[in-house]
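Dear colleague,

I am passing on the structure below, together with a short account of what came out of going through it. Please read the notes alongside the coordinates.

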Amino acid sequence: MTTSRRLADRKVAKFQKNITKRGSIPESTAKKGNDYPVGPIVLGFFIFVVIGSSLFQIIRTATSGGMA
């Protein structure tokens, strides 16, 4: 099935218009970059769990004489 030249020219013009607008978005929809993906409370809790668990493991290993 062939497309008429007029219809093809209309499609090309539509896509060419989109190409010239590519990358230019309004300031209101652009991300600012100041938002953290994880909150400070969650990050603090994660660090507390990781460091606390490693300290607990070290203490347990030291008190058992190195044979855990």
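Which residues does the UniProt annotation "transmembrane region" cover? According to that record, which is an unreviewed entry, the annotation covers residues 38-59. Please keep in mind throughout that what you have here is a predicted model.

Over residues 38-59 the chain is 91% helix and 0% strand, and the C-alpha atoms at the two ends of this stretch are 30 Å apart. On the surface there is a nonpolar patch formed by Val-38, Val-42, Leu-43, Phe-46, Ile-47, Val-50, Ile-51, Leu-55, Ile-58 and Ile-59, which together have about 940 Å² of accessible area. One of these residues, Ile-51, lies in helix 2, which spans residues 40-63, and Ile-51 is partly exposed, since its relative accessible area is 46%, a value that falls between the 20% limit for buried and the 50% limit for exposed.

As for the fold as a whole, the secondary structure of the protein comes to two helices and zero strands. Of the 68 residues, 0% count as buried, and the accessible surface comes to about 6900 Å², of which 66% belongs to carbon and sulfur atoms.

Turning to the charged side chains, the count of salt bridges comes to one, and this is the pair of Arg-5 with Asp-9, whose closest N and O atoms are 3.8 Å apart. Both Arg-5 and Asp-9 lie in helix 1, which spans residues 5-21, and they are four residues apart, or about one turn of the helix. Arg-5 counts as exposed because its relative accessibility is 64%, whereas Asp-9, at 40% relative accessibility, counts as partly exposed.

There is also a patch of positive charge on the surface, where Lys-11, Lys-14, Lys-17 and Lys-21 gather; among them, Lys-17 lies in helix 1.

I would be glad to hear how you read these features once you have looked through the model.

With best wishes

Definitions and conventions:
Residues numbered from 1 in each chain as written. Predicted model: local features only at pLDDT ≥ 70, side-chain atom pairs only at ≥ 80, totals over all residues. Heavy atoms only, no water. Patch = residues over 30% accessible without salt bridge, like charges linked within 9 Å, V, L, I, M, F, W, Y side chains within 5 Å. Areas by Shrake-Rupley, 256 points an atom, 1.4 Å probe, with all protein chains shown as cover. Salt bridge = Lys/Arg side-chain N within 4 Å of Asp/Glu carboxyl O. Buried < 20%, exposed > 50% of the residue type's maximum accessible area, 1.4 Å probe, protein only. UniProt positions renumbered as here; feature names shortened; annotations may be inferred. Lys, Arg positive; Asp, Glu negative; His and termini not counted. Charge placed at Lys NZ, Arg CZ, Asp CG, Glu CD.
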